[in-house]
Amino acid sequence: MEIVLFSDSRAVREAFAGLSRRGKCGVSYMKTGDLKKGMASLAADTLVYLDVSGMGEAALKKALRLLSGKDGARYAVVDPKNSIRDAGALFHDGACDYIGRETLRGGITEKRIRRAAEFRKTEGPAAEAGDCGLPVGCRPSGRDWKEIRSGQEYTFCFMFIELDNLKESKKTFGDANLSNPIEPFLRHVERRISPAGGRVWMWTDYGAIVLFPFDGLRCDAVLTCFKMMLGRKLFSIEESGFNAWVSYRIVLHIGNTIYRSKGETGTLVSDSLNSIFHLGQKYARPGQFYLTDEVFGFVPAPLRDFFVPAGKFEGRDILRMRLPL
């Protein structure tokens, strides 16, 4: 996640510096007077914090108009002197956080930053359509498959899952010897995803792309994949057919695609489908579970602390599950 603090105060910068020192979030600093020029060059998904200390009323209004007028901007206000009388009004105009004197003294935590980043406005047509915290164009596919029709575009939760290191094993054991052990894994995937409404959409050589219907409110696929990561050793012992621990990697992403029935997807073109393949095959490391930033907003509160920043890939923030020892 990219965070930029506009401030001329050493004390304010120091309150944010702990984030970088702990390696949780990278923070860039710019002078308050460079706000207009700086905003023009920032990526749309940057989280901006503005220190308003020392600003007169006219300058403050101008700065807030600039921040609220930038499409897709996520911005917050730092008020070391508690000079803003009505902090609630900031949220009405689109702010996602307000940091006053006492909060600043306690230091800024990663948890607070993430909560601010997940706070999004719901307004206009997107809210009427059941805004799901995604860019305009979200088309919820529902809680199940009843209303999903082939040839129509919907928003789904995409799951990539693939066995690790099978290319090397293939050279050692040969195709014929590997086919039988792979089959229990495929059955295992289908059995685990079914309670959450997941369906295998495409088989790869060593795994699958799964679709989960998405209603814009919940993403049950997160808990499904969480359990699958915790249950890998049991699967290895009881079901796998391999004489070794089974390792697989999982990626979850929320995005849009035109839906076509399984087996009729050969000519399908989708940015979200490309993204999930690239993440799974070019970025994900063996034995790990990753989420895109779109998914993290729907992670149940008790599980959020299990996910840590894992960098950026193709312009998207990625989080990784902290696995137990």
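In this predicted model, seven strands (DSSP runs of E, at least two residues, numbered from the N terminus) form an open sheet of mixed pairing in the order β7-β8-β6-β9-β10-β12-β11. Two strands count as paired if DSSP finds at least two bridges between them. The edges are held by β7 and β11 (307–313), each with a single partner strand, so one side of each is left without a neighbour in the sheet. From one strand to the next the twist averages 30°, with axes taken as lines fitted to C-alpha atoms, for helices over the stretch in contact, and angles running from 0 to 180 degrees between N-to-C directions.

At one end of this order, strand β7 (residues 199–203) pairs with strand β8 (residues 207–213) in the antiparallel sense over four bridges. A hairpin of three residues joins β7 to β8, and Val 200 stands opposite Val 210 in β8. Antiparallel pairing is also found between strand β10 (residues 289–292) and strand β12 (residues 316–321), over three bridges. Here Tyr 290 stands opposite Arg 320 in β12.

Two helices (DSSP runs of H or I, at least four residues) pack on the sheet, contact meaning heavy atoms within 4.5 Å. Helix α10 (residues 221–230) touches β6 (153–163), β8, β9 (248–258), β10, β11 and β12, and its direction makes about 165° with that of β9. Helix α12 (residues 271–283) touches β6, β7, β8, β9, β10, β11 and β12; the direction of α12 makes about 165° with that of β9.

Residues are numbered from 1 along each chain as its sequence is written, and side-chain values use heavy atoms, with hydrogens and water left out. As the model is predicted, local features need pLDDT of at least 70 and side-chain atom pairs count only at pLDDT 80 or more, while totals for chains, interfaces and linings use all residues.
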